[in-house]
Amino acid sequence: MAHHPTFITCSALSFSWPDGTEVLDDFRLSIGPGRTGLVGLNGSGKSTLLKLIAGELTPASGTVRVTGELGHLPQNLVLDTSRRVDEILGVAGKRAALHAIEAGDASEEHFTALGDDWDVEERARAVLDQLGLDHVGLDRTVGEISGGESVLLRLAALLLARPDVLLLDEPTNNLDLHARARLYEAVEKWSGVLVVVSHDRELLERVDQIADLRDGEVAWYGGNWTAYETALAAEQEAAERMVRVAEADVQRQKRELADTQMKLARRRRYGQKSFENRVSSKIVANGQKRAAQVTAGKQRTLHAERLGEARERLDAAVEAVRDDDEIRVELPRTSVPPGREVLHLRDLELRYGARVDGAFELRGPERIALVGRNGAGKTTLLRTIAGELEPLAGETDARVPLRFLPQRLDVLDDGLSVVENVARFAPAATANAIRARLARFLFRGARADRPVGTLSGGERFRATLAALLLAEPAPQLLMLDEPTNNLDMASVRKLTAALEAYEGALIVASHDVAFLESLGITRWLLLDGELRPTTAEEVRGTAPSPRRSDSRGPSAE
């Protein structure tokens, strides 16, 4: 049997946040070659585990050992906007040396810095091209590119460095369909050790095995996401069958115990009656009574033990059935009449070049899907409508109360607890009302008192959504920017159900076409320099692009 080397080893690992919240306790893990998908519910510790492996967090006890060079793409990537692209790629020094040599400076220090990397610029541009960043020059700054492009840029740096172990945490967040396709291709070609945390089904279909982190332990499943779902469904079916068997056994043991007690009671009554009627002598009667008591005690003990064992088996069977809590999103019932004007835009010119020509109107409970490539200006448009940015020209007029859930989830104060943050948005709400709302988002008891800075990406989303929905006045226009980022699949289902029940107007910017289609979208709008109508088929690339209309704008029928 061939021995496969282990590249990541966690031994007796324990970690808790400063407030005492335990994440891992005596945790053990070994990961060998291949592509591993690390999955689990929000808050189960996936991102924390990657940070522990990467050395960005220090465990309270235990050890982490990594063989070879390691690269880490974190979930919430923050890059210095003033840094140049070649600095992020790690080739700035070699480029400078190359340019100095080409300019005639033959100093030894330049040759030492460059080494044998005479093709450093070509290699850097090839990696950028591989990820669809061929338009990004090496001398540009991070501040000139979009959030999605910055994620790809950091991934390009990792691909250029070729580490032995690569950790990716939600890498498809904020990536458009074209960028995701590039990432999928890079993952498929990766030949080293890869561990990816993701809720992206398409990405998880490209892994070799699934590691399911649950209750501080990892269960392994061979194959991709589809194989995992199939195996898990079979496990759950067997577990539910065992529960039914164990429940039937408990009921049978209860009946047998009750029958035994009834028989013993009849015997006692018969013995007492015989004694009273002097059917037996006193000595014989007393002997029979003692024997009956001993037998009765043994019978009761036997059946009680059997009942206890049956209950233990039932408890074990129930434990094996997953009954994961899901958020209960209850959006404000703020009905908007079909003819009411909700939003009006006219001749809008946004920062970074995007614009809305002519008049755009949103009326009644319309559902708008806002799509476009990374850097097209979708977030800029939503922030402008929300009043966070001033347009360069034109006007924007929201005629109903609106709420905006930003992509970066940066509206909460990391130093305050979840309860304190929500109270900022609803100063008139009572503490009990706030805690009752937070319980629906799985922040119960002490969880609601945790500092926001210690929350996982999915937990932070839930806290932000709770704050937004509890705020007064309740929104009649809800704008969401990439809302499925960081959410586990159960939470996405709940969010979808809640948005389906929402009676106000909705604008959702997302690269997740399947999620958008599930919302009952009434209008698809593509932001590509300007705002124009599109279709789900065009977004997916399964239909030819319609000709641009000469009408007044995207609101024209």
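Modeller: Before the discussion begins, one term is needed: a polar contact is a pair of N or O atoms within 3.5 Å. The structure under discussion is a predicted model.

Colleague: Which backbone atom lies 3.1 Å from a polar atom of the side chain of Ser 14?

Modeller: Ser 14 belongs to strand β1, which covers residues 8–16. Beyond its neighbours up to four places away in sequence, Ser 14 touches Leu 24, Asp 25, Asp 26, Pro 59, Ala 60 and Ser 61. From a polar atom of the Ser 14 side chain, a distance of 3.1 Å leads to the backbone nitrogen of Asp 26.

Colleague: Is Ser 14 buried or exposed?

Modeller: The relative accessibility of Ser 14 is 13%. A residue is called buried under 20%. Ser 14 therefore counts as buried.

Colleague: How many residues of the protein chain are there, and what percentage of them is buried?

Modeller: The protein chain contains 17 helices and 18 strands. Among its contacts with a separation of 6 or more, 71% join residues 24 or more positions apart. Of the 557 residues, the buried percentage is 47%.

Colleague: Is Leu 70 buried, exposed or partly exposed?

Modeller: Leu 70 lies in strand β5, residues 70–73. Its contacts, leaving aside neighbours within four places in sequence, are Ile 53, Ala 54, Pro 163, Val 165 and Leu 167. With a relative accessible area of 27%, Leu 70 is partly exposed.

Colleague: What distance separates the C-alpha atoms of Gly 40 and Asp 212?

Modeller: Gly 40 is placed in the loop between β3 (34–39) and α1 (46–54), and its 16% relative accessibility makes it count as buried. Outside the four places to either side in sequence, Gly 40 touches Lys 46, His 199, Asp 212, Leu 213 and Asp 488. Although Gly 40 and Asp 212 are 172 residues apart along the chain, their C-alpha atoms are separated by 5.6 Å.

Colleague: What is the relative accessibility of Val 187?

Modeller: Val 187 sits in helix α7, residues 177–189. Apart from neighbours within four places in sequence, Val 187 is in contact with Arg 35, Leu 168, Leu 194 and Leu 203. Val 187 counts as buried, its relative accessibility being 4%.

Colleague: Which helices do the buried residues of α3 pack against?

Modeller: Helix α3 spans residues 92–102, and its buried residues are Ala 92, Arg 95, Ala 97, Leu 98, Ala 100 and Ile 101. After α3 comes Gly 104, with a positive phi near 105°. The buried residues of α3 pack against α2 (85–88), α4 (108–114) and α5 (120–130).

Colleague: How is α12 oriented with respect to α13?

Modeller: Helix α12 (residues 418–425) packs against helix α13 (residues 431–440) with their axes 10 Å apart and an angle of about 115°. Angles of 65 to 115 degrees count as roughly perpendicular. The orientation of α12 to α13 is therefore roughly perpendicular.

Colleague: How many residues of the contact of α12 with α13 are charged?

Modeller: The crossing of α12 past α13 is right-handed. Val 418, Val 419, Val 422 and Ala 423 of α12 make the contact with Ile 434, Arg 435 and Leu 438 of α13. In that contact six residues are nonpolar, none is polar, and the number charged is one.

How values were computed. Residues numbered from 1 in each chain as written. Predicted model: local features only at pLDDT ≥ 70, side-chain atom pairs only at ≥ 80, totals over all residues. Heavy atoms only, no water. Helix = DSSP H or I, 4+ residues; strand = E, 2+ residues; numbered from the N terminus. Buried < 20%, exposed > 50% of the residue type's maximum accessible area, 1.4 Å probe, protein only. Polar contact = N/O pair within 3.5 Å; in protein donor to acceptor, adjacent residues only side chain to side chain. Contact = heavy atoms within 4.5 Å. Axes fitted to C-alpha atoms, helices over the stretch in contact; angles between N-to-C directions. Parallel < 35°, antiparallel > 145°, perpendicular 65-115°, else oblique. Left-handed = near helix turned anticlockwise from the far one by under 90°. Nonpolar A, V, L, I, M, F, W, Y, C, P; charged D, E, K, R; others polar.
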